[in-house]
Amino acid sequence: MLALLAAGSVFFPGLFLLSKQGLKHKLSLSEGEAATSSARLVSSIQALMASSAGYIIASSCQDVMEDKHWLADTYILFATPYFAYDIYAMFLCYWHKLQIKGHEEDDARTMGDAVVGYLRREALMVLHHIFMVVVCFPASVFWRQGRGDYFQGVLFLAELSTPFVCLGKVLIQHKKQHTPLHKVNGALMLLTFFSCRVLLFPYLYYAYSRYASIPVYTVPLVAPWQCNVGAAVLWVLQLYWFGLICRGAFRLVTRSRDSPLPFKAECHLSPFNGYSSLQVDRNN
């Protein structure tokens, strides 16, 4: 257990540092651009690893409650340090953004002010990451007592939308938001987020209802209250973030039709964590 936690604690920050140095030297990016791109790269790699593990686990379990797969606990242990790393990586991106002309904030003149501003702006995302480490980690590794690997694998599949979000942010960073690739990527992002995050929790209850041969509306009555509370908290966050994405996408489309002036959009994502915001602003 400790070896896997240590491996994850080294792998994700190490990958971030290596990719940042590589982008700075190979593409001549600034420190801020390299840090931001590296954070998105690490998020995408983690998402691909999680979704691959999820597919392997879910497709290998015939009995949704009793069948076991070694990847279920292994990847949880390996990936848990990612959430701690990602809180810091998101802060670095926020800090570098503050250094860009036009993004300065009066209440973020020092590092301490920047931390406060970051926590205020990304409160939901930070709380989500803390929830994943403090609640979801022990629940997945200890409290479920080795049962329900299938459901754990399905939960990993929620990360499938993350690479599309990261690609969209990279395209925006390089002012490619008006290209066909950005539009296609945006459509795939909406589709995967809706199917892999919004529909995820109703599907979990449906899958258990089939396993137990009971009506789906009775599942919350027989499921442990901890499962119901955890699912409700995470599902509400996914619905909220999906609403922000849809609203931002609608504003993006309508503004592009109404005005020929260029504009930029930024959406901040975290794994399983969804989105913190989607903003559309006119360039000066």
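**Exercise 1. Find out whether the length of helix H9 fits its number of residues.**

Solution. Keep in mind that you are working with a predicted model.
- Step 1: Count along H9, and you get 13 residues.
- Step 2: At 1.5 Å a residue, a span of 18 Å is expected.
- Step 3: From the first C-alpha of H9 to its last, the model gives 19 Å, which is close to that expectation.
- Step 4: Now look at the surroundings of H9: Leu200, Phe201, Leu204, Tyr205, Ala207 and Ser209 are buried.
- Step 5: Move on past the end of H9 to Ser213, where phi is positive, near 55 degrees.

**Exercise 2. Describe helix H3 by its span, its bend and its cover.**

Solution. Take the three properties in turn.
- Step 1: H3 has 29 residues, so at 1.5 Å a residue it should span 42 Å. Its end C-alpha atoms lie 43 Å apart, in agreement with this.
- Step 2: Along the way, H3 bends by about 30 degrees at Leu77. Within four residues of that point comes a proline, Pro81.
- Step 3: Of the 29 residues in H3, 22 are buried, so the helix is mostly covered.
- Step 4: Leu98 belongs to H3 too. With a relative accessible area of 7%, Leu98 is buried because the cut-off is under 20%.
- Step 5: Follow the chain for 16 residues from Leu98 to Ala114, and you find their C-alpha atoms separated by 8.3 Å.

**Exercise 3. Which class of aromatic pair do Tyr75 and Phe78 form, and which do Tyr82 and Phe83 form?**

Solution. The structure holds 17 aromatic pairs, and here we work through two of them.
- Step 1: For Tyr75 and Phe78, the centres are 6.1 Å apart and the planes stand at 50 degrees. This angle is neither under 30 nor over 60 degrees, so the pair is tilted.
- Step 2: Where do these two residues sit? Tyr75 and Phe78 are three residues apart in H3, which means about one helical turn separates them.
- Step 3: Both residues are buried, Tyr75 at 6% relative accessible area and Phe78 at 15%.
- Step 4: Turn to Tyr82 and Phe83, whose ring centres are 5.7 Å apart. Their planes make an angle of 80 degrees, so this pair is edge-to-face.
- Step 5: Tyr82 is buried at 0% relative accessibility, and Phe83 is buried at 9%.
- Step 6: Put the picture together: ring pairs link Phe11, Phe12, Phe16, Tyr75, Phe78, Tyr82, Phe83, Tyr85 and Phe156 into a cluster.

**Exercise 4. Work out what lines the largest pocket, and look at the helix that gives the largest share of the lining.**

Solution. Start with the space, then turn to the residues around it.
- Step 1: The volume of the largest pocket is about 1400 Å³.
- Step 2: Its lining is made of 41 residues, and Ala139, Arg144, Gln152, Leu155 and Cys227 lie nearest the centre.
- Step 3: Several helices give two or more residues to the lining, including H2, H3, H6, H9 and H11.
- Step 4: The largest share, nine residues, comes from H5.
- Step 5: Sort the lining by class, and you have 31 nonpolar, seven polar and three charged residues.
- Step 6: Now trace H5 itself, which bends by about 35 degrees at Cys136. A proline, Pro138, follows within four residues.
- Step 7: Among the buried residues of H5 are Met125, His128, Phe131, Cys136 and Pro138.
- Step 8: Just after H5 you reach Gln145, which has a positive phi of about 55 degrees.

Note on methods: Residues are numbered from 1 along each chain as its sequence is written. This is a predicted model: local features need pLDDT of at least 70, side-chain atom pairs count only at pLDDT 80 or more; totals for chains, interfaces and linings use all residues. Side-chain values use heavy atoms; hydrogens and water are left out. Rings of Phe, Tyr and Trp (its six-membered ring) pair if their centres lie within 6.5 Å; planes under 30 degrees apart count as stacked, over 60 as edge-to-face and the rest as tilted. Buried means under 20% relative accessible area, exposed over 50%, partly exposed in between (1.4 Å probe, protein chains only). On a 1 Å grid over the protein atoms alone, a cavity is a set of points where a 1.4 Å probe fits but cannot get out, and a pocket is an open set with protein on both sides within 12 Å along at least five of seven lines; lining residues have an atom within 4 Å of a point. Grid points are joined across faces, edges and corners, and a volume is the space filled by probe spheres set on the points. Ala, Val, Leu, Ile, Met, Phe, Trp, Tyr, Cys and Pro count as nonpolar, Asp, Glu, Lys and Arg as charged, and the others, Gly among them, as polar. The expected span of a helix is 1.5 Å times one less than its number of residues. The bend at a residue is the angle between axes fitted to the seven residues ending there and the seven starting there.
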